[in-house]
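The exercises below invite the reader to work through one protein model step by step. Each task is followed by a worked solution.

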Amino acid sequence: MTLSRQLYLLLGALLLLVFIGSFAISLNHTRAYLNMQLASTAQDTATSLGLSVSTQLAKQDQATLQSMVDAVFDRGDYRIIRVQDTAGRTLYERLAPLVIDRVPDWFVRGFPLETPTAEAQVMRGWSQIGTLQVASHPGYAYQQLWRDASGTLAWFLACTLVGFAVGGGLFLVLTEAKGR
């Protein structure tokens with residue numbers, strides 16, 4: 001094997017190693033950030049909606065309670081919003097199917113995002129009258145993670161192709177100059 005081929009293989013192996021390391025680190029940091037955002041959004045929604053529905057739950061105003069939950073659910077990206085009484089009976093619940101568009105299934109399985117259910121107590125004065133549970137929908141988070149991963153891969157491939165083209169061109173120029 002010629003020296004130039006050995007250099008190309010070494011350069012390719014080093015680039016691949018650097019890419020895999022930086023890709024894994026970047027993907028894991030983005031995934032951790034998105035997990036934190038999903039949990040934070042769910043907890044913030046549970047807390048604020050729990051405060052908002054306390055009056056309706058205390059009055060047993062089911063229509064207004066449903067309207068308030070529907071308004072939040074329809075505007076946000078939630079997988080579950082559930083209102084329960086203190087006995088654990090579900091008073092109202094909205095569920096969204098776990099469908100993730102424009103992201104390959106293998107990517108979703110390979111890079112799971114956690115969507116914990118946040119919980120807030122619904123109070124009347126100092127007495128608990130119910131519980132509100134909220135879980136964020138991971139669809140947009142997966143789409144963002146996929147865009148970041150595929151963009152990083154495309155950038156690496158483009159840089160690698162340009163690097164090899166420039167390196168090959170330089171090698172040809174140097175070979176010709178040496179032959180003269």
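A crossing of two helices is called right-handed if the near helix is turned clockwise from the far one by less than a right angle, and left-handed if anticlockwise. The model examined here is a predicted one.

**Exercise 1. Determine how helix H1 packs against helix H2, and which residues make the contact.**

Solution.

Step 1. Helix H1 covers residues 3–59 and helix H2 covers residues 62–75. Their axes lie 9 Å apart and form an angle of about 160 degrees.

Step 2. Angles over 145 degrees count as roughly antiparallel. H1 is therefore roughly antiparallel to H2.

Step 3. In the sense defined above, H1 and H2 cross in a right-handed manner.

Step 4. On the side of H1, the contact is formed by Thr45, Leu49, Ser52, Val53, Gln56 and Leu57. H2 contributes Thr64, Leu65, Met68, Val69 and Val72.

Step 5. Sorted by class, this contact of H1 with H2 comprises 7 nonpolar residues, 4 polar residues and no charged ones.

**Exercise 2. Establish the relation between helix H1 and helix H4.**

Solution.

Step 1. Helix H4 spans residues 139–179, and its axis is 10 Å from that of H1. The angle between H1 and H4 is about 165 degrees.

Step 2. With the cut-off of 145 degrees for a roughly antiparallel pair, H1 and H4 are therefore roughly antiparallel to each other.

Step 3. The crossing of H1 and H4 is right-handed.

Step 4. The contact of H1 with H4 contains 16 nonpolar, 7 polar and 2 charged residues.

**Exercise 3. Describe the largest nonpolar core and state which element gives it the largest share.**

Solution.

Step 1. In soluble globular proteins, nonpolar side chains tend to be buried together. The largest nonpolar core of this model has 18 residues.

Step 2. Within this core, Ile81, Leu132 and Val134 have the most contacts.

Step 3. Two or more residues come from each of H1, H2, strand E1 (78–85), strand E3 (117–124) and strand E4 (127–136).

Step 4. H1 gives the largest share of this core, 5 residues.

Step 5. Leu132 may be followed individually. Setting aside neighbours within four places in sequence, Leu132 is in contact with residues including Thr45, Ala46, Leu49, Gly50 and Val53. Also among the contacts of Leu132 are Arg82, Val83, Ala118, Glu119, Ala120 and Val122.

Step 6. Another core, of 12 residues, lies apart from the largest one; among its members are Leu27, Leu34, Phe107 and Leu145.

**Exercise 4. Locate Arg31 and decide whether Arg31 is buried, partly exposed or exposed.**

Solution.

Step 1. Arg31 belongs to helix H1.

Step 2. A residue counts as buried under 20% relative accessible area and as exposed over 50%. The value for Arg31 is 21%, so Arg31 is partly exposed.

Step 3. Not counting residues up to four places away in sequence, Arg31 touches Phe111, Pro112, Leu113 and Leu145.

Step 4. Arg31 and Leu113 are 82 residues apart along the chain, yet their C-alpha atoms are separated by 6.8 Å.

**Exercise 5. Compare separation in sequence with separation in space for two residues of helix H4, Val166 and Gly163.**

Solution.

Step 1. Val166 is partly exposed, with a relative accessible area of 47%. Gly163 also counts as partly exposed, at 33% relative accessibility.

Step 2. Val166 and Tyr142 are 24 residues apart in sequence, and their C-alpha atoms are 36 Å apart.

Step 3. Gly163 and Gly12 are 151 residues apart in sequence, and their C-alpha atoms are 9.8 Å apart.

**Exercise 6. Examine the phi angles of two loop residues, Gln60 and Arg102.**

Solution.

Step 1. Most residues other than glycine have a negative phi.

Step 2. Gln60, which is not a glycine, has a positive phi near 60 degrees. Gln60 sits in the loop between H1 and H2, and at 70% relative accessibility Gln60 counts as exposed.

Step 3. Arg102 likewise has a positive phi, of about 60 degrees. Arg102 sits in the loop between strand E2 (90–95) and helix H3 (105–110). With 66% relative accessibility, Arg102 counts as exposed.

Step 4. Pro97 also lies in the loop between E2 and H3, and counts as exposed at 61% relative accessibility. The C-alpha atoms of Pro97 and Arg79 are separated by 7.0 Å, with their positions 18 residues apart along the chain counted as the distance apart.

Key. Residues are numbered from 1 along each chain as its sequence is written. This is a predicted model: local features need pLDDT of at least 70, side-chain atom pairs count only at pLDDT 80 or more; totals for chains, interfaces and linings use all residues. Side-chain values use heavy atoms; hydrogens and water are left out. Axes are lines fitted to C-alpha atoms, for helices over the stretch in contact, and angles run from 0 to 180 degrees between N-to-C directions. Helices (H or I, at least four residues) and strands (E, at least two) are DSSP runs, numbered from the N terminus. Angles under 35 degrees count as roughly parallel, over 145 as roughly antiparallel, 65 to 115 as roughly perpendicular and the rest as oblique. Contact means heavy atoms within 4.5 Å. Ala, Val, Leu, Ile, Met, Phe, Trp, Tyr, Cys and Pro count as nonpolar, Asp, Glu, Lys and Arg as charged, and the others, Gly among them, as polar. A nonpolar core is a set of buried Ala, Val, Leu, Ile, Met, Phe, Trp, Tyr and Cys residues joined through side-chain atoms within 4.5 Å. Buried means under 20% relative accessible area, exposed over 50%, partly exposed in between (1.4 Å probe, protein chains only).
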